[in-house]
Amino acid sequence: MKRNNFFQLILTVLFACYMSSSMYAQQQDAGTQISYKVNFGPVYPIEGDSNQIEGKISFNDDNDSIEKISFDVPLNSFTGINSGYLEWIGNSWYNPDMSFKSNKIKLTGDNKLMVSGNLEFRRRIAPVKIDFTRKDSDNSIILEGNFDMRVRDYFTFNLPFELAPNTVSFKIKLVFDKPLANT
């Protein structure tokens, strides 16, 4: 009888831990994040997201427009279904990060930005264009966008198509504090 009570207590504690962790994961959706999805490959589905992305922006002091955008994300920070795939093709043991830098920002519409820059992956650099939408609130600037990374741009040899697709699609959300007004 005492043994059954002990097992019920253990199951109750485990269930409570599971419920609290799943609620916590749902609340993290509001911050900075990068995610990717691959529609085929050696294992399927392949998708991952990371909250460990670090973004930076620079402003023009005269008109408050964004002049520079950059971000870095560790490849081993992605979690999801077969999320180690990006680490694997990136050879993260020797190339731990993916980074982007740009100072070519073009306003293409109402709060729409076309950002042309260089993406570094596997210690190789290739041009990438990111479509961003800017949303301003009282105390933050949110940039949401997407881009496709052409995988073959980062290899010196041709990869078998069954192992690596032509492109990996990314979604990105960067949240920044608004700068203080100049007085």
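Which residue in strand 8 does R134 stand opposite? I will come back to that after some ground rules. This is a predicted model, in which local features need pLDDT of at least 70 and side-chain atom pairs count only at pLDDT 80 or more, while totals for chains, interfaces and linings use all residues. Residues are numbered from 1 along each chain as its sequence is written, and side-chain values use heavy atoms, with hydrogens and water left out.

Let me begin with the sheet. Strands here are DSSP runs of E with at least two residues, and helices are runs of H or I with at least four residues, both numbered from the N terminus; two strands are taken to pair if DSSP finds at least two bridges between them. On that basis there is an open sheet of 9 strands, with antiparallel pairing and the order 2-1-9-8-7-6-5-4-3. Its edges are strand 2, residues 46–50, and strand 3, residues 54–59, each of which pairs on one side only. On average, neighbouring strands of this sheet are turned by 20° against each other, direction ignored, where the axes are lines fitted to C-alpha atoms (for helices over the stretch in contact) and angles run from 0 to 180 degrees between N-to-C directions.

Now to the opening question. Strand 7, which covers residues 124–136, is joined by 6 bridges to strand 8, residues 140–150, and the two run antiparallel. Within strand 8, the residue opposite R134 is L143. R134 also forms a salt bridge with D136, the closest N and O atoms being 2.9 Å apart; by salt bridge I mean a side-chain nitrogen of Lys or Arg within 4 Å of a carboxyl oxygen of Asp or Glu. As for accessibility, buried means under 20% relative accessible area, exposed over 50%, and partly exposed in between, with a 1.4 Å probe and protein chains only. R134 therefore counts as buried, because its relative accessible area is 16%, whereas D136, with 43%, is partly exposed.

K135 has a salt bridge of its own, in which its side chain meets that of E144 at 2.6 Å, N to O. K135 is partly exposed at 43% relative accessibility, and E144 is likewise partly exposed, at 27%. As a general remark, side chains of opposite charge can pair when their charged atoms come close. The structure holds 5 salt bridges, and another of them links K56 to E54, with the closest N and O atoms 4.0 Å apart. K56 counts as partly exposed because its relative accessibility is 48%, and E54 is partly exposed at 47%.

Turning to the edge at strand 3, this strand pairs with strand 4, residues 66–74, in the antiparallel sense over 6 bridges, and F59 stands opposite I66 in strand 4. The hairpin of strand 3 and strand 4 has 6 residues between the strands, and D64 takes a positive phi near 60° there.

Which other residues have a positive phi without being glycine? One of them is N111, with phi near 60°, placed in the loop between strand 5 and strand 6, the latter being residues 112–121. N111 is partly exposed, since its relative accessible area is 44%. R122 also has a positive phi, of about 60°, and lies in the loop between strand 6 and strand 7.

Next, is S102 buried or exposed? This serine lies in strand 5, residues 97–109, and counts as buried because its relative accessibility is 9%. A polar atom of the S102 side chain lies 2.5 Å from the backbone oxygen of S116. Taking contact as heavy atoms within 4.5 Å, and not counting residues up to four places away in sequence, S102 touches E67, K68, I69, V115, S116 and G117.

Another buried serine is S92, at 17% relative accessible area, which sits in the loop between helix 2, residues 84–90, and strand 5. With the same exclusion of residues up to four places away in sequence, S92 touches L75 and E87.

I will finish in strand 9, residues 167–177, where K173 is found. K173 is buried, with a relative accessible area of 18%, and its C-alpha is 7.5 Å from that of G31, although the two residues are 142 apart in sequence.

Terms used. A polar contact is a pair of N or O atoms within 3.5 Å; within protein, one must be able to donate a hydrogen and the other to accept it, and residues adjacent in sequence count only if both atoms are side-chain atoms.
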